[in-house]
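Let's take a walk through this model together, starting at the ligand and then moving on to the empty spaces around it. Keep the viewer open as you read.

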Amino acid sequence: MPDPTFEFSRAITRQPSSAIVDGLRAVDTGTPDLDQMLKDHASYVEALKSTGAEVVVLPALEDFPDAVFVEDTALCLPQGAVLMRPGAATRMGEVAHMAPTLSKFYDTIREISGPGHVEGGDILVTSREILVGRSDRTDAEGVEELRRLVADWGHSVREVFTPGGVLHFKTDCSLLDGQTILSTKRLEASGCFEGYRVLNTAEGEEAAANTIRFNNLVLMPAGFPKTAEVLDRAGYEVVQINNTECAKIDGGMSCLSLRF
Ligand code: CIR
């Protein structure tokens, strides 16, 4: 029986568009370069495909600068998908563009109808529960609506808190396998991973926390050698993907796909 938290047969991605230069960011560290991002995106898709999964690459959306970050538009569970309601006003319309693709793969699709908000980047699905981090993008009402929507699918939702100044809960953590989480020390210090095995990102490499376990691989952003070694030593097969351009607009490995 595959573990649905990290063994996947499919992923959905979207090509970055030239509007990427207008992507939301907390701090301006420069303009993302589309050509480099397209190369990085291709490497990312290749890595996912190399595990045997089918990878859908949707066309770029010129009207939505952040649409490459498809993870924020939906939560994909074995029982069905839930459409999100992004907390960033400029990202709300991305959901309607994702819905038709999810309909091809899911019979059951539910949606966060509001007034609350949830973005997929704040959701970490483990083998025992769904952790949802409140953040500037995900609020208490959104968490409660998500809790109601997935209850009869047998999932329990636990509300947790994204550290201040951090975009999403998963900016600071990721699932490595059913019971193991990669986390920054600052997030682990909040106590939210009690009962889990936790590996920490190395000092000064907090930006390496957003990885994805996808079948046999862990995809991580390139440039964090100490954390790569932590993962390697723990026995994970690591693939490093250049993330310099997405990082300029606060994006990482998990944001770039929906996995199911
Ligand atoms: C945003 O601020 O919404 C985008 N520039 C980055 C989204 C990253 N998504 C994610 O971590 N799931």
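Which residue offers a polar backbone atom 2.7 Å from a nitrogen atom of the ligand? That residue is Ile-249. A nitrogen atom of the ligand also lies 2.8 Å from a polar backbone atom of Leu-24, and the side chain of Asp-72 places an N or O atom 2.8 Å from a ligand nitrogen. A polar contact here is a pair of N or O atoms within 3.5 Å; within protein, one must be able to donate a hydrogen and the other to accept it, and residues adjacent in sequence count only if both atoms are side-chain atoms. On its own the ligand has 350 Å² of accessible area, and the protein covers 99% of this (Shrake-Rupley method with a 1.4 Å probe; for residues, only the protein chains shown count as cover).

Before going further, a word on the ground rules: this is a predicted model, in which local features need pLDDT of at least 70 and side-chain atom pairs count only at pLDDT 80 or more, while totals for chains, interfaces and linings use all residues. Residues are numbered from 1 along each chain as its sequence is written, and side-chain values use heavy atoms, with hydrogens and water left out.

Now look at the shell around the ligand. It is made of 13 residues, and the closest are Leu-24, Asp-66, Asp-72, Arg-137 and Ile-249 (near means that a heavy atom of the residue lies within 4 Å). By class, the shell holds 5 nonpolar, 2 polar and 6 charged residues; Ala, Val, Leu, Ile, Met, Phe, Trp, Tyr, Cys and Pro count as nonpolar, Asp, Glu, Lys and Arg as charged, and the others, Gly among them, as polar.

Where does the ligand sit? Its place is the largest pocket, by the rule that more than half of its atoms lie within 2 Å of the grid points. On a 1 Å grid over the protein atoms alone, a pocket is an open set of points with protein on both sides within 12 Å along at least five of seven lines, a cavity is a set where a 1.4 Å probe fits but cannot get out, and lining residues have an atom within 4 Å of a point. The largest pocket offers about 930 Å³ of space. Its lining has 44 residues, with Leu-167, Thr-171, Ala-247, Asp-250 and Gly-251 closest to the centre. Helix α6 (residues 244-248) gives the largest share of that lining, 3 residues.

The second largest pocket holds about 730 Å³. Among its 41 lining residues, Pro-4, Thr-5, Phe-8, Cys-76 and Val-125 lie nearest the centre. Strand β3 brings the largest share of this lining, 4 residues, and the lining comprises 20 nonpolar, 13 polar and 8 charged residues.

There is also 1 cavity of 30 Å³ or more, with about 50 Å³ of space. Helix α1 (residues 34-49) supplies the largest share of its lining, 4 residues. The residues lining this cavity include His-41, Tyr-44, Cys-246 and Met-253.

Two backbone details round off the tour. Gly-114 and Pro-115 are joined by a cis peptide bond, with omega about 15°, and Pro-115 falls in the loop between β5 (109-111) and β6. Asn-215 has a positive phi of about 55° although it is not a glycine, and its place is the loop between β12 and β13 (217-221).

Key:
Points joined across faces, edges and corners; volume = space filled by probe spheres on them. Helix = DSSP H or I, 4+ residues; strand = E, 2+ residues; numbered from the N terminus.
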